[in-house]
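User: Please take a close look at one buried polar contact in this model. Set the scene first, then work outward from it to the rings, charges and empty spaces.

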Amino acid sequence: MLDWFRDYQRDMPWRNTDNPYYIWVSEVMLQQTQVKKVVDYYNRFIARFPDVQHLAAAPLQDVLKVWEGLGYYARARNLHKAAQVIVNELNGRIPRDYATFRKLPGVGDYSAAAVQSIAFDEPYAAVDGNIKRVLARLFLMDAPVNDAKSAKLFQRRADELLDSTAPGLFNQAMMELGATVCRPQSPICLVCPVNAFCEAFQTARQDEFPQRRETKPVPEHHIAVGVIYRADEVLITQRQFEGLLGGLWEFPGGRIAEGEAAEVACVRNIREVVNLSVRNIEYLTRVRHAFTHFKIVVDVFTCDYQSGEVILDGPRDAKWIAIEALGDYPLPRATHKFLDKLIV
């Protein structure tokens, strides 16, 4: 399997380096994200922040801007926090031992095992979604892969399989096997380097595994947003650093109450969130966006500032900026879906 994996390394720049910082950044980006999407983001990130010192010294907004569009912004915030801990408390060196590295902000069991094994050849088995799928098919494991109670079972299996003579290479091979061959649908079993040992393949039960716990339907929230013009400027607000989309900038708005018209909700939310009165409300567009655990439908309106002074209830900051300057700020992907209607 290790020989098989080497053929895939050429398209992944972080696979051909022994720089712990590069490996760490790549593993943070790769969580819940496909390799083909990460490569460009990784290259831009490393070009902008070539080492942990540059990352620690950068303003958080710069970090979020480079990360913009990749999603899961808490990862970027935690990566930034962890870099500052490393520079300020650990002599600027990424910890070489699992326990110390695991204590850094945002570092979980998977990240710690992946970085320690790949960067330092420490014998820790990494377990992500791809590896769980491989393990479930190899051993016909009926533990649901999306149930936290199953984590120890998959970790135990991974620990038993780990090649302690090449733990980093083994972990990467398992990840790539799950991503490219042992796929969720239509696995390519005939070319799989471990099909001779796979119980699912040997019994033609690939489609039965992995098993998942039934989840509730994804809720959908209806939101109204207002692009407020004041002369040649528009108002944007910054989300609190903690929580969903933390630190990103957006146009003021909020939930539409049951039975409430979207336009009415827009005016109300602007008054409640930024303490402004607006006029000349015009419908602009509707966009849809999906997050991991819910979906949103956003009705977007343009309007003119009428009166009031900005007082925030919820956001951490607000700015009046030229509409052409929107590109300088990290914005949610849902906002990007209607920017072309504002910036001509």
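Analyst: This is a predicted model. The protein has 14 helices and 7 strands. Its C-alpha atoms fill a box of roughly 70 × 50 × 35 Å along the principal axes. There are 344 residues, and 48% of them count as buried. Take the contacts with a separation of 6 or more: residues 24 or more positions apart account for 66% of these.

Now the contact itself. The side chains of Ser117 and Asn171 are joined by a polar contact of 2.9 Å. Ser117 belongs to helix H8, residues 109-120. Asn171 belongs to helix H11, residues 167-180.

Are the two partners buried or exposed? Ser117 has a relative accessible area of 0%, so it is buried. Asn171 comes out at 1%, under the 20% cut-off, and is therefore buried as well.

Next, the surroundings of each partner. Leave out residues up to four places away in sequence. Ser117 then touches Glu122, Tyr124, Pro167, Gly168 and Asn171. On the same terms, Asn171 touches Ala113, Ser117, Tyr124, Ala125, Ala126, Ile131 and Leu162. Tyr124 appears in both sets of neighbours. Pro167 and Gly168, which Ser117 touches, fall within the range of H11, residues 167-180. Ala113, a neighbour of Asn171, falls within the range of H8, residues 109-120.

Move on to the rings. The whole structure holds 10 aromatic pairs. One of them joins Tyr21 and Tyr22. Their centres are 6.1 Å apart and their planes stand at 55 degrees, a tilted pair. The two rings' residues differ in burial class. Tyr21 has a relative accessible area of 4% and is buried. Tyr22, at 23%, counts as partly exposed.

Another pair is edge-to-face. It is made by Trp249 and Tyr329, because their planes meet at 70 degrees, over the 60 that the class requires, with centres 5.3 Å apart. What does this pair tie together? Trp249 lies in strand S3 (residues 249-250). Tyr329 lies in the loop between strand S7 (317-322) and helix H14 (333-339). The pair therefore ties together parts that are 80 residues apart in sequence. Both partners are buried: Trp249 at 1% relative accessibility, and Tyr329 at 11%.

Rings also group in a cluster. Phe45, Phe49 and Trp67 form one aromatic cluster.

Charges sit over rings at two places. The charged end of Arg44 sits over the ring of Tyr41, 4.7 Å from the ring centre. For Arg157 the ring is that of Phe139, with the charged end 4.0 Å from its centre.

Phe139 also leads to the enclosed space, as it falls within the range of helix H9, residues 129-139. H9 gives the most to the lining of the largest cavity, with 3 residues. The whole structure has 2 cavities of 30 Å³ or more. The volume of the largest is about 100 Å³. It is lined by 15 residues. Closest to its centre are Arg137, Cys182, Cys189, Cys192 and Cys198.

Then the open space. The second largest pocket holds about 610 Å³. Its lining counts 30 residues, and Ile223, Arg239, Glu250, Gly253 and Gly254 are the closest to its centre. Which elements supply at least two lining residues each? They are strand S1 (220-230), strand S4 (253-255), strand S5 (277-290), strand S6 (295-307) and H14. H14 has the largest share, 4 residues. H14 also bounds the loop that holds Tyr329. Glu250, one of the residues closest to the pocket centre, falls within the range of S3, residues 249-250, where Trp249 lies.

One last site is Pro59. Pro59 is found in the loop between helix H4 (52-57) and helix H5 (60-67). At 45% relative accessibility, Pro59 counts as partly exposed. Pro59 and Asn275 lie 216 residues apart in sequence, and their C-alpha atoms are 28 Å apart in space.

Back to the starting point. The contact between Ser117 and Asn171 spans 2.9 Å. It joins a residue of H8 to a residue of H11. Ser117 is buried, and Asn171 is buried.

How values were computed: Residues numbered from 1 in each chain as written. Heavy atoms only, no water. Buried < 20%, exposed > 50% of the residue type's maximum accessible area, 1.4 Å probe, protein only. Polar contact = N/O pair within 3.5 Å; in protein donor to acceptor, adjacent residues only side chain to side chain. Contact = heavy atoms within 4.5 Å. Phe/Tyr/Trp six-rings, centres within 6.5 Å; stacked < 30°, edge-to-face > 60°. Lys NZ or Arg CZ within 6 Å of the ring centre and 35° of its normal. 1 Å grid on protein atoms, 1.4 Å probe; cavity = no way out; pocket = protein on both sides within 12 Å on 5 of 7 lines; lining within 4 Å. Points joined across faces, edges and corners; volume = space filled by probe spheres on them.
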